[in-house]
Amino acid sequence: MLKMSKKLLYDFQASEARSEKVMVAIHGWKGTRNSMRPLIKSMNINNMDWYLLEAPYPVDGLSGGYSWSYEKSEGVWEVEEPMELLQIFFNELFVRYSSKNIYVIGFSQGGLVCFDFALFLDQPLGGVFPIAGFSRHPKVEIPRFHPCQKNTLILISHGEDDDQVSARASENIYHQLKDQGANVQFLLYKGKHKIGIECLRKIKEIIQN
């Protein structure tokens, strides 16, 4: 049995000028807090702080990266523990920033965190950006967001040639969110299981506007 840490580890990078906006970056399976670091430079968003989170569970030892869940028994994955850690982190973040100035970006398994956790926070966010992600229980018709996130801009992006997570996974939850009245958009970009420059440009445009 893996032992849960008391708090998530993360790196923080402050903007050069005092910022009221912040991006929380959530890596994918076998990633680390450094996996999303290149986005800071490539997106180059003015006056934005960044938190680069690191998942709590090591995969194949510390050299194998980290995961946001682990298999407790055959077919049963731990969900509550990582959500508790994320909730602690966001509770502290809500003290430092207005919730509507908080944005969340997640890649692959980090996209799952966006769908399963960020969209259920009880304070409205500025935007949620799952990339190449997937949802838990995709065929089950259940509420997909907290009512307070009804106006939160959700941009779901996916590479059309993704050979690890099918773009249909993103399309499916996009339609569910849209049918439930969420403020959601879907962007299909050229590429495989990577973060597309097209979606980063779109996210930057959303934040700066």
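This dialogue reads the sheet, one loop residue and two pockets of a predicted model.

Q: In what order do the strands of the open sheet lie, and how do they pair?
A: A sheet is read by following its strands from one edge to the other. Here seven strands form an open sheet in the order β1-β3-β2-β8-β9-β10-β11, and the pairing is mixed. The edge strands are β1 (9-13) and β11 (184-189), each of which pairs on one side only. On average, neighbouring strands of this sheet are turned by 15° against each other, with direction ignored.

Q: In which sense do β10 and β11 pair, and which residue is the bridge partner of L155 in β11?
A: A strand pair is described by its sense and by its bridges. Strand β10 (residues 153-159) pairs with β11 in the parallel sense over six bridges, and within β11 the bridge partner of L155 is Q185.

Q: Which strands does helix α2 touch as it packs on the sheet?
A: Helix α2 (residues 80-96) touches β1, β2, β3 (48-54) and β8 (102-107), and the direction of α2 makes about 165° with that of β3.

Q: Where is the place of T32, and does T32 count as buried, partly exposed or exposed?
A: For a single residue, one may take its place in the chain, then its accessibility, then its contacts. T32 sits in the loop between β2 (21-26) and α1 (38-43). Because its relative accessibility is 26%, T32 counts as partly exposed, given that buried means under 20% and exposed over 50%.

Q: Which residues does T32 touch, not counting those up to four places away in sequence?
A: T32 touches H27, L53, E54, G65 and Y66 on that count. One of these contacts, G65, is 33 residues apart from T32 along the chain, while their C-alpha atoms are separated by 5.8 Å.

Q: What volume does the largest pocket have, and which residues are the closest to its centre?
A: A pocket can be described by its volume, then by its lining. The largest pocket has a volume of about 440 Å³, and of the 23 residues that line it, W29, S67, Q109, L112 and F134 are the closest to its centre. The elements that give two or more residues to this lining are α2 and α3 (109-116), with α3 giving the most, at four residues. By class, the lining has 13 nonpolar, seven polar and three charged residues.

Q: Which elements give two or more residues to the lining of the second largest pocket?
A: Those elements are α1 and β3. The second largest pocket has a volume of about 250 Å³, and its lining residues include Q13, E16, K41 and W50. By class, this lining has five nonpolar, five polar and two charged residues.

Notes: Residues numbered from 1 in each chain as written. Predicted model: local features only at pLDDT ≥ 70, side-chain atom pairs only at ≥ 80, totals over all residues. Heavy atoms only, no water. Buried < 20%, exposed > 50% of the residue type's maximum accessible area, 1.4 Å probe, protein only. Contact = heavy atoms within 4.5 Å. Pairing = 2+ DSSP bridges. Axes fitted to C-alpha atoms, helices over the stretch in contact; angles between N-to-C directions. 1 Å grid on protein atoms, 1.4 Å probe; cavity = no way out; pocket = protein on both sides within 12 Å on 5 of 7 lines; lining within 4 Å. Points joined across faces, edges and corners; volume = space filled by probe spheres on them. Nonpolar A, V, L, I, M, F, W, Y, C, P; charged D, E, K, R; others polar.
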